[in-house]
Amino acid sequence: MAATPTNVPEGYVSLRDVFGDAIMALGARDPRIVMLDADLASSTRTMKFKKTYPDRHYNFGIAEQNMVGAAAGFAISGYIPFVNTFASFLTRRACDQIAISVAYPKLNVKFFGFHGGINLGEDGATQQAVEDLAIMQGIPGIRCYAPIDGNDLARVMNEVADVEGPTYVRLSRFPSPLLTPKVASADERAAACRLLTEGGDLLVFTTSTLAAKVIEAAAALKAEGIGIRVLGITRLKPLGEEIAAEAEEFAGKSIAVVEEHSIHGGLADGLSALLDGAGISHRIERIGVPDRFGESGHPDALLEAFGLAGAPLRERLKAAARG
Amino acid sequence: MIVTDQKDIEKLEASARRIRAHILTQINAAGSGHPGGSMSCVEILAALFSHRAAAGAGWFGRNARDHVILSKGHAAPALYATFAEVGMIPEAELRTLRQLGSRLQGHPDRTRLPEVEMSTGSLGQGLSVSLGIALALKLRKEPFYSYAILGDGEINSGQIWEAIAYAGANRIDRLVAILDANGIQNDGRIEEVLELRPYAPKLEAFGWAVREFDGQNMAEVVDAVDWASSDAPGDKPRFLIAHTTKGAGVSFMADRADWHSHTVSDEQLKAGLEEVMG
């Protein structure tokens, strides 16, 4: 387990804690919901659910393929299985089961990939996932989400519990700042696109809790007279049509995508395909993880080393704004 | 223990002959398919659908019923033939196997043909799904069983053993695995590819109740299915090892690896039909 300090700063919330609360509320509301874990229940915050609903929690051990297959069986039987483990293990170890036992038969299985991206830090590349969204987006018919903060995840939880069919939600490990308003009601859904900061020199699309780092960078650049418009994208697949209109308004100016994911198969690829389909010419500066695995390090140091936070991110955004 | 009347066994044997004939005509019409592994599991399918589940038109739409997954999805022609035999799909539809737009895909697809319990074809996945169904049956305290038909090549797959471990450790007594042990996989005989025999001691060590029998003998198959679908094995998952012959019923196909994936020519169809229908 990572040795990173767990003191949570004021205004910061851990997505998995929000997840743990959300499944209690959803579980009370819908008796069809069952929790499936693979020996990481303490990390995925399902222990409280297990205590309250012991019959509706299953621990499959370190056997992700069997867990995903069993989820398909629950879905066939009318239950709504929530499949919980690290994003890395879920998407890399059980890829074929997700595709053939769940997505191909269009079953109502809810996947949750914990510790997505590299911000898990010290544990290193084997537990990190820089390709989870590429894998899940590449499989036909799976709706994919990467919430940008705790409130956003609460909206996503409402949404995935209600939509029929397979979904994937990527969560981050460490507490992150709240950037979006509190959820007003259980009917509230995730926005297709959310304006996070205003600016006229560069349009940045970002996703997952990395959004906080992008906002930090945008604030610093504002002081230098560079205006950055930051849009947070929660649902990566399908991308909302209105996102194309946002990009079109910026025609002729610079667009960047900042994501804690491989530059292959993530938000940049999805956005590019959306804009191509809409006939909007574009050039996207791809700020993500190049063709490489993650590594060990303090989460903040690691994000900076990968050019996704702090001064390195500011420099890349500045260069992108210049065009 | 239910002892099935000899007359019922003879009816099931007649059913099995028609299912074999359907398999041959389907693969002949399609121009490709997997006849060997389809022919070996005919008695298992007949015992499950005609005898145990007493399936017919409308059976599948019921909420409360048994569940059967053909995990060895390449034996799809045998599954479709059984559906036609019990009246779940029209017999005429069998001729559409593997054609563009057909509900009868090369490997079973539940989105196109809702009577298919689970889409299969990527080997090793069906037992876990049957396990999930068995867990749901236990959660709802329903008196039905969840059956998975596995191939002996298929159990090379690690996921099968994940499911075996979980079901044994957790005493999932609504789960019945049926191994179509025809002794041959794609690349050759089991012992030439990956020898996992003897099966029974391994499965018993994982906490399963195991029974071995002649998988081409209808009375033995019915007896084993009845045993597995009763309280007799206790609170354990049940594993039926059906010793079968690849290509069973047609002499020129029997026990030959090259009939795993093979077309059936018009001449072979004629000769095969004569053999299976007698």
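**Helix packing, a mixed sheet and the chain contact**

In chain B, helix H3 (residues 42-52) and helix H4 (residues 76-86) have axes that come within 10 Å and cross at roughly 40°. That angle makes H3(B) oblique to H4(B), and the crossing is right-handed. All of this is read from a predicted model. On the H3(B) side, the contact is built from Val42(B), Leu45(B), Ala46(B), Phe49(B) and Ser50(B). H4(B) answers with Ala78(B), Leu79(B), Thr82(B) and Val86(B). Sorted by character, the residues where H3(B) meets H4(B) come out as 7 nonpolar and 2 polar, with no charged ones.

Turning to chain A, the UniProt record, an unreviewed entry, places the annotation "domain: Transketolase-like pyrimidine-binding" on residues 13-178. Over residues 13-178 of chain A, helix accounts for 45% and strand for 18%. The C-alpha atoms at the two ends of this stretch sit 7 Å apart.

Chain A also holds an open sheet of 5 strands, in the order E9-E11-E10-E13-E14, with mixed pairing. Strand E9 (194-197) and strand E14 (284-289) of chain A take the edge positions. Each has a single partner strand, so one side of each is left without a neighbour in the sheet. From one strand to the next, the twist averages 25°.

At the E14(A) edge, the partner is strand E13 (residues 254-262) of chain A, and the two pair in the parallel sense over 5 bridges. Within this part of the sheet, Ser262(A) stands opposite Val289(A) in E14(A). Helix H9 (residues 211-223) of chain A packs on the sheet. H9(A) touches E9, strand E10 (202-207), strand E11 (228-233) and E13 of chain A, and its direction makes about 170° with that of E11(A).

Then there is the contact between the chains, which draws 19 residues from chain B and 22 residues from chain A. On the chain B side, the elements giving two or more residues are helix H5 (126-139) and helix H6 (158-169). H5(B) supplies the largest share of that side, with 9 residues. By character, the chain B side that touches chain A splits into 9 nonpolar, 8 polar and 2 charged residues. Charged residues thus do turn up here, whereas the contact of H3(B) with H4(B) has none.

Terms used. Residues are numbered from 1 along each chain as its sequence is written. Chains are lettered from A and ligands numbered from 1 in the order in which they are written. This is a predicted model: local features need pLDDT of at least 70, side-chain atom pairs count only at pLDDT 80 or more; totals for chains, interfaces and linings use all residues. Two residues are in contact if their C-beta atoms, placed from the backbone, lie within 7 Å. Helices (H or I, at least four residues) and strands (E, at least two) are DSSP runs, numbered from the N terminus. Ala, Val, Leu, Ile, Met, Phe, Trp, Tyr, Cys and Pro count as nonpolar, Asp, Glu, Lys and Arg as charged, and the others, Gly among them, as polar. Axes are lines fitted to C-alpha atoms, for helices over the stretch in contact, and angles run from 0 to 180 degrees between N-to-C directions. Angles under 35 degrees count as roughly parallel, over 145 as roughly antiparallel, 65 to 115 as roughly perpendicular and the rest as oblique. A crossing is left-handed if the near helix is turned anticlockwise from the far one by less than a right angle, and right-handed if clockwise. UniProt positions are given in the numbering used here, feature names are shortened, and annotations may be inferred rather than shown by experiment. Two strands pair if DSSP finds at least two bridges between them.
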